Amino acid sequence: MKVTKIEALEKIANEIRIDIIKTVYNAGSGHPGGSLSCADILTVLYFNQMNINPQEPKAEGRDRFVLSKGHCCPALYSTLAKRGYFKEDILQTFRKIDSNLQGHPDMNKVPGVDMTTGSLGQGLSIANGMAISSKMDSMGYRVYCLLGDGEIQEGQVWEAAMTSSKYKLDNLCVIVDNNNLQIDGDIQSVKGLNKIEQKFESFGFNVISIDGNNIEQIIDGFDRAKMTKGMPTAIIAKTIKGKGVSFMENNVAWHGKAPKEDEYKLAISELEK
Amino acid sequence: MRLDKKIATRQSYGEAIKDLGKENENIIVLDADLSTATKTEIFAKEYPNRFFDMGISEQDMISTAAGFATCGKIPYASTFAVFAAGRAYDQIRNSVCYPNLNVKICATHAGITVGPDGATHQMLEDIAMMRTLPNLKVFSPSDDVQTRFIIKEISKINGPCYVRLARTATPVIYDENEQFELGKAKQIGKGEDGTIFATGVCVAEALKAKEILEKKGVFVRVVDIYTIKPIDKETIIRCAKETNKIITIEDHSIYGGLGSAICEVLSEEYPKKVTRLGINDTFGKSGNAEELMKYFKIDAEAIVKNFGM
């Protein structure tokens, strides 16, 4: 079920954004800002790029995805539900006592979640282990890892980046959701990342810069990553935190809180336009 | 008992993992630039394509091992205990134990018996930290034979394990054909004057103390607790019932380690006074292993004194 039409993918991404607002609203907590910023990236991965079969979520040869910024799981859960891994009505149990949809993703509870994440900075190392396994077993599967930009303040990310490069993991594609905001404010004021592209370049990555809210550019980025041999790829995706909801866009207050009823209605009405 | 021959359990690990590599091609080994010290170099020489030197990046090593485990590999990840359980604690917790992944953490250079490197390298808290983690099984072998058994046996468990190994050479306690079982303790002797619960490098000291005490007319038994978690409650309770004095001894902090684990069992099941020998709320220091065991009172002499002898 590969979706190739840009408009169709944009429509899916918009539906995922509606789900994000609904699930976070119903949960009464969660992380809408960073979930909205990466919705287009997840849409392209699961509906256009990855070699996966929702009927066989544990298939050995499947492509893998590690959501290193695990707090943005509302986007992942919605994507997986829309892709057919589980029923969409389960989404509204998010963060509830009897739900499998934990506040951060649990691989043992949710079909399609390839790795449990939540503590930032660990996903790229995990993705490396998967990508090396793919090569050792000549399986040919690709591994995708989505990092937050604030997340790359974690030193382990750079330990892992050296590993990706050492093992020439051309089956690995890292995406940095570069929305420029983290909980305590804008990234440059909290602890500046300076030149992200040059950082990854100097760590031995093929670096591709894109507009991470532009479906066409995202597809092109992943296509170019696939053609790169002998080195890992890092896609630096410039995104807008809170993308799609006017009052959440570029507003750090929406990193980790749920909308109130009036805010919820306004957000949904904007997305349903 | 063959107390005359000495081997460090890290050496036993290196040899055992090489043997295991031959039997099971899913076995891979990761190290963090310490393969000559942890002895994983023995595996690396035999199976270079299944050995991953992660450089001085312990956190990366543990999470990478977790990634391997999701793809069906059986990773054994090694570094010094202070850098595994300490530096990479969050990775062990969140990348390995919470998702219940099949990663074997084999941490060498535990305890003050690391010796001259001193306090920064002497891990005294790992049993305490590791045994609080759900899903993780914790092992602390006492000699060469037992280490080989544990390294092989844990490959058959689908889940995370932590194995605590020593730098210093210690006596070979058991015969080659000695039988062990994960989750069980090994009782040595039937003396009823006291029980010495010991683990790791302290088991040999407990056995020396047992011999000295016998000559003085005091008959004790030694219980080698090589599985810290799940702990063998049955043996602990039975020995507490059958003997008078209870002593625990470990190359680890008296907080949270073997002594605490024994007290947890007995306080709920069979309340009884327990004397804990271990490192008493202090950091270690440089010196050779033997000197340090004497200095910190975790040797045979300290046990004998505690029996008033």
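**Interfaces in a predicted model**

In this predicted model, the domain assignment divides chain B into domain 1 (2-172) and domain 2 (186-306).

Me: Why is the pair Arg131(B) and Glu264(B) called a salt bridge?

Reply: A salt bridge requires a side-chain nitrogen of Lys or Arg within 4 Å of a carboxyl oxygen of Asp or Glu. The closest N and O atoms of Arg131(B) and Glu264(B) are 2.7 Å apart, and the pair therefore meets the rule. Between domain 1 of chain B and domain 2 of chain B, the count is one salt bridge.

Me: How do you know that domain 1 of chain B and domain 2 of chain B are in contact?

Reply: Contact means heavy atoms within 4.5 Å. In domain 1 of chain B, 34 residues are in contact with 36 residues of domain 2 of chain B. The centres of the two domains, taken over C-alpha atoms, are separated by 24 Å.

Me: What area do domain 1 of chain B and domain 2 of chain B bury between them?

Reply: The two domains bury about 2600 Å² between them, with 60% of it on carbon and sulfur atoms. Of the area that domain 1 of chain B buries against domain 2 of chain B, 28% is supplied by Ile112(B), Leu124(B) and Arg131(B), more than any other three residues.

Me: Why do Asp137(A) and Lys73(B) form a salt bridge?

Reply: The cut-off is 4 Å between a side-chain nitrogen of Lys or Arg and a carboxyl oxygen of Asp or Glu. In the pair Asp137(A) and Lys73(B), the closest N and O atoms are 2.6 Å apart, so the rule is satisfied. Across the interface of chain B and chain A, the rule finds one salt bridge.

Me: Which elements of chain B each supply at least two residues of the side that touches chain A?

Reply: They are strand 3 (51-53), helix 4 (58-70) and helix 6 (89-97) of chain B. Helix 4 of chain B gives the largest share of this side, nine residues. By class, the side of chain B that touches chain A has nine nonpolar, ten polar and six charged residues.

Me: How many residues does each chain bring to the contact, and what area is buried?

Reply: Chain B brings 25 residues and chain A brings 26 residues. Between them, chain B and chain A bury about 1900 Å², 54% of it on carbon and sulfur atoms. Asp60(B), Cys71(B) and Tyr98(B) supply 25% of the area that chain B buries against chain A, more than any other three residues.

How values were computed:
Residues are numbered from 1 along each chain as its sequence is written. Chains are lettered from A and ligands numbered from 1 in the order in which they are written. This is a predicted model: local features need pLDDT of at least 70, side-chain atom pairs count only at pLDDT 80 or more; totals for chains, interfaces and linings use all residues. Side-chain values use heavy atoms; hydrogens and water are left out. Buried area is the accessible area (1.4 Å probe) that two parts lose on being put together, summed over both. Helices (H or I, at least four residues) and strands (E, at least two) are DSSP runs, numbered from the N terminus. Ala, Val, Leu, Ile, Met, Phe, Trp, Tyr, Cys and Pro count as nonpolar, Asp, Glu, Lys and Arg as charged, and the others, Gly among them, as polar. Domain bounds come from an automatic or database domain assignment.
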